[in-house]
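Trainee: Please take me through one part of this model closely, the salt bridges, and then place that part within the rest of the chain.

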Amino acid sequence: MNELVFFINKVVIAGSVIGSIYALGAIGVTLIFGILRFAHFAHGDMMTVGAGLSLVVAVLLSEAGVSTPLPIGFVAMPIAMVLTALLAIGLDRSFYKPLRDAGVRPVVLVMASVGIMLMMQGLVRLLAGSSTRSFFFAERKDIFRIDLPFLEARRSLVITEPQVLLIAFTVVAVVALHFFLTRTRHGKAMRAMSDNADLARITGINTEQVVWMTWIIGGGLAAAGGTLLSLDVTFKPDLSFNIILPIFAAAIVGGIGRPYGAIAGGFLVGFTETLAIFNWSILLRPFDALFPAWLEVPANLAFVPTEYKITIPFFILVAVLVWRPTGLFKGRVL
């Protein structure tokens, strides 16, 4: 029973947390590709900037004497989501729209996003330095320990307050996105433009308005993902470096251009990463007596060391694309 509780803590909860982060980021990547037809490599840096803005707002609120039952960083997050969405629209107006109006090929937009990625990384390091910072500068992080009603269970389920907020926010965001895409006029316009931009334009859909909505949703969810990840661990100026590749892998595995595929891909990548670095020898301990004497289970039986977990999304990516080239939800062919 204790081994099962350890598995729930290290795989089920940890996989749900990192899967939620990947899903929030992958939704923005896949929407931008579906509507604007290019891979936005600066998306991870938008998550970093969003988290940094949440930290700044949280510090200002704390110095103003604001006190809330929820973590101050979570309270500041909606403001950062709005600011990041405005930043995303500003980047589009300043860099991407002139290129679109000039009729450049998608590869030029991709290279422009790489340039913006490098520019944003430089600005983040210039303004925030290279040190990590905790969102819990004025309060302590709540840790919930849930005892199970079994005599054999000496361990407790452990989950932190930021992890509860992250999972709850992801559920609400996914449900809200579903209703937005299926029940609202703007959502249906986004789906129509994703399927066929020219046909959407001649039927009277305001395509510029759709582009704005795409950046608002992508930027807002990027800020939320970055903030919630930083709340769970710490704010890192190099956050984008560690997260951008798994997010792209999640978007492609789910089917590029498919929001529901991005959500499924995010959780698939998150859980696979967690399972790959989990120490399986702990689950085998109750069965030691069944093994022959010459077979000794090693103390650490993980598929890959933790420092190599960044390679896992690429194994998943190759395996899924070999089996299903358009991803799990039949997205666009790259």
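Mentor: A salt bridge here is a side-chain nitrogen of Lys or Arg within 4 Å of a carboxyl oxygen of Asp or Glu. The model is predicted, not experimental. By that criterion, the whole structure holds 5 salt bridges. I will go through three of them.

Begin with Arg100 and Asp92, whose side chains form a salt bridge with an N to O distance of 2.7 Å. The two partners differ in exposure. Asp92 has a relative accessible area of 1%, and buried means under 20%, so Asp92 is buried. Arg100 is partly exposed, because its value of 22% lies between that cut-off and the 50% above which a residue counts as exposed.

The next pair is Arg93 and Glu208, again with 2.7 Å from N to O. Arg93 belongs to helix 3 and Glu208 to helix 8 (residues 207-232), so this salt bridge ties together parts that are 115 residues apart in sequence. Both ends are partly exposed: Arg93 has a relative accessibility of 30%, and Glu208 has a relative accessible area of 29%. Asp92, Arg93, Arg100 and Glu208 are also linked to one another in a network of salt bridges.

The third pair is local. Lys97 and Asp101 form a salt bridge in which the closest N and O atoms are 2.9 Å apart. They are 4 residues apart in helix 3, so about one helical turn separates them. Asp101 is exposed, because its relative accessible area of 56% is over the 50% limit.

Now the helix itself. Helix 3 covers residues 72-101 and also contains Phe95. Phe95 is partly exposed, with a relative accessible area of 35%. Along with Met119, Leu123, Leu126 and Leu127, Phe95 forms a nonpolar patch on the surface, with about 540 Å² of accessible area together. Helix 4 (residues 106-128) supplies the largest share of that patch, 4 residues. Helix 4 also holds Val108, which is partly exposed at 34% relative accessible area. The C-alpha atoms of Val108 and Tyr96 are 9.6 Å apart, with their positions 12 residues apart along the chain.

The UniProt record bears on this part as well. An unreviewed entry annotates several transmembrane regions, including residues 72-91, 103-124 and 210-233. In the model, residues 72-91 are 100% helix and 0% strand, with 28 Å between the end C-alpha atoms. Residues 210-233 are 96% helix and 0% strand, and there the end C-alpha atoms lie 35 Å apart. The annotation may be inferred rather than shown by experiment.

For the rest of the chain, look at the nonpolar interior. The largest nonpolar core has 84 residues, and those with the most contacts inside it are Phe38, Phe169, Met190, Trp215, Leu228 and Ile243. Helix 1 gives the most to this core, with 15 residues. Apart from this core lies another of 5 residues, among them Phe6, Val11, Phe278 and Ile282. Leaving aside residues up to four places away in sequence, Ile243 touches Ile21, Tyr22, Met47 and Leu229.

Helix 1 spans residues 2-36 and includes Ser16. Ser16 has a relative accessibility of 17%, which is under the 20% cut-off, so Ser16 counts as buried. With residues up to four places away in sequence set aside, its contacts are Val11, Ile167, Phe267 and Phe271. Val11 has already come up as a member of the core of 5 residues.

One backbone detail is worth checking by eye. Arg37 sits in the loop between helix 1 and helix 2 (43-63). Its phi is near 65 degrees, a positive value in a residue other than glycine. Most residues other than glycine have a negative phi. Arg37 counts as partly exposed, with a relative accessibility of 28%.

To return to the request: the network links Asp92, Arg93, Arg100 and Glu208, with the Arg93 to Glu208 pair joining helix 3 to helix 8. The pair of Lys97 and Asp101 lies within helix 3.

Methods. Residues are numbered from 1 along each chain as its sequence is written. This is a predicted model: local features need pLDDT of at least 70, side-chain atom pairs count only at pLDDT 80 or more; totals for chains, interfaces and linings use all residues. Side-chain values use heavy atoms; hydrogens and water are left out. Helices (H or I, at least four residues) and strands (E, at least two) are DSSP runs, numbered from the N terminus. Buried means under 20% relative accessible area, exposed over 50%, partly exposed in between (1.4 Å probe, protein chains only). Contact means heavy atoms within 4.5 Å. A nonpolar core is a set of buried Ala, Val, Leu, Ile, Met, Phe, Trp, Tyr and Cys residues joined through side-chain atoms within 4.5 Å. Patches are made of residues with over 30% relative accessible area and no salt bridge: like charges are joined within 9 Å, nonpolar side chains (Val, Leu, Ile, Met, Phe, Trp, Tyr) within 5 Å. Accessible areas come from the Shrake-Rupley method with a 1.4 Å probe; for residues, only the protein chains shown count as cover.
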